[in-house]
Amino acid sequence: MKRTVAMLAMLVVSAIAPVTALAGTADQQAYAGSHVAFDAGSNAVVDYRVDGEQTIDSVRVQSQSAADSSLGLGGSVDLDAAANIVGAALSIDARTDASASIATESGASIEAHDNGHGSLVVAADDSAQYVALNVSGDAERADEKRVVYETDGGAKATAMVVGEGNVSVTDSGNLTAAVEEDSRLVVRSYTGSRTDADESEERMVVNETAAASVYVMQQGDATVTDTVTYGRNTTVAVEERAEGRVNMTVSRTAHEGRVVIAQVSNQTFESAEDVQVAVDGEAAASASSYAELRRAAAGGDTSKYMVRQSGDASASADATVLVGVNHFSTRTVTMTDDADDDTTDTPAGTDSTAADDSSDGGADDADADDGDASDGESDDAATTSGDGPGFGGAAALLALTAVAGLAVARRR
């Protein structure tokens with residue numbers, strides 16, 4: 001009897017063990033974060049969701065050399081034909097608090113970023129790649145390097161090539177992209193609204209004016225950061241994140257300036273209107289348009305920044321801070337929401353910012369929204385002075401009383 005029971009137990013264990021092993025494998029090939037969830041099949045990333053909304057049915061990647069050989073494609077490829085790629089084998093090989101890395105046998109890497117935009121990046125760092133994206137809903141080609149589409153659930157997304165290559169919509173309504181070596185395909189999702197300001201940021205990414213997007217987010221009681229870089233020669237390290245302050249180091253191998261887009265939760269910055277930016281300890285000037293930011297990043301006399309409040313309640317970041325850093329190689333960018341912060345020096349000529357922008361007239365940019373100062377409120381209006389004739393003892397006493405009241409309020 002005991003022998004029979006033992007044999008039955010062995011049979012049960014042997015039957016369960018393969019199922020358990022398969023379940024473990026399945027878990028390793030699935031990812032579920034605060035915003036992003038997907039499965040990694042044998043040759044495709046499938047059911048890519050952002051905040052519960054499916055934004056991509058599947059993503060397949062294959063090297064152009066392998067696809068040209070297997071599909072019999074020539075040197076001049078119709079991207080409709082590239083939609084038939086089988087897709088290289090892939091697997092999740094690394095996870096962090098806010099991202100997952102997927103390795104492919106084609107030589108490409110895929111990064112899924114668990115931020116409010118659910119950013120998906122296919123990097124063709126070592127060899128040219130084809131990327132086939134199956135999507136639902138309507139897709140429209142905005143230009144050679146951008147396709148905007150809307151899902152059946154109402155979310156919007158933009159697929160864009162950064163570097164050399166192009167992206168197109170197939171006859172069946174899906175997307176295919178040719179991504180050349182050392183270039184990237186970036187998919188940015190909007191489960192809420194996609195604004196004119198978002199479109200301006202997309203153009204800066206495609207034009208390689210924006211080098212990276214940094215997300216400072218709240219996950220439960222913890223603050224986590226995520227960085228999406230749009231080229232292999234840029235790195236961003238968030239060195240400090242605390243209430244009212246973010247400090248990061250941005251490094252580039254090239255000297256030319258670039259824009260860094262930081263999206264910060266309201267747990268860090270209570271009020272977007274009070275945010276100030278310093279680069280290498282020197283106060284950056286406030287900009288009032290995207291065109292002005294680009295001029296600063298194109299070797300301007302000083303770095304400049306612009307702040308806009310997010311109007312999307314579903315977004316993870318409630319303030320967007322765009323910093324046009326005027327040159328590199330390694331720069332320290334500090335963002336604070338404390339107007340009394342004394343760690344920065346005010347640059348000469350800061351008070352001429354408004355006059356500089358008013359004379360711009362958008363002549364260097366065809367984007368209609370880039371000349372709209374409402375996309376970024378200037379912080380200079382908060383800088384007023386009470387020093388002047390007649391500032392006597394009574395006024396001084398009132399000032400001291402106000403400062404004491406402010407200190408008590410902040411301690412609360």
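Colleague: How much area does the chain expose, and what share of it do carbon and sulfur atoms supply?

Modeller: Accessible areas here come from the Shrake-Rupley method with a 1.4 Å probe, and for residues only the protein chains shown count as cover. The chain exposes about 19,200 Å², with 49% of that supplied by carbon and sulfur atoms. Keep in mind that this is a predicted model, where local features need pLDDT of at least 70, side-chain atom pairs count only at pLDDT 80 or more, and totals for chains, interfaces and linings use all residues. Residues are numbered from 1 along each chain as its sequence is written, and side-chain values use heavy atoms, leaving out hydrogens and water.

Colleague: What percentage of the residues is buried?

Modeller: Buried means under 20% relative accessible area (1.4 Å probe, protein chains only). Of the 412 residues in the chain, 47% are buried.

Colleague: How many helices and strands are there?

Modeller: Both are DSSP runs numbered from the N terminus: helices are H or I with at least four residues, strands are E with at least two. This chain has seven helices and 26 strands.

Colleague: In what order do the eight strands of the open sheet run?

Modeller: Two strands pair if DSSP finds at least two bridges between them. Here the order is 5-6-7-8-15-12-11-10, with antiparallel pairing. Strand 5 (90-95) and strand 10 (138-143) each have a single partner strand, so one side of each lacks a neighbour in the sheet.

Colleague: Which residue is the bridge partner of Asp 138 in strand 11?

Modeller: That's Glu 150. Strand 10 and strand 11 (residues 146-150) pair antiparallel over five bridges.

Definitions and conventions:
Buried < 20%, exposed > 50% of the residue type's maximum accessible area, 1.4 Å probe, protein only.
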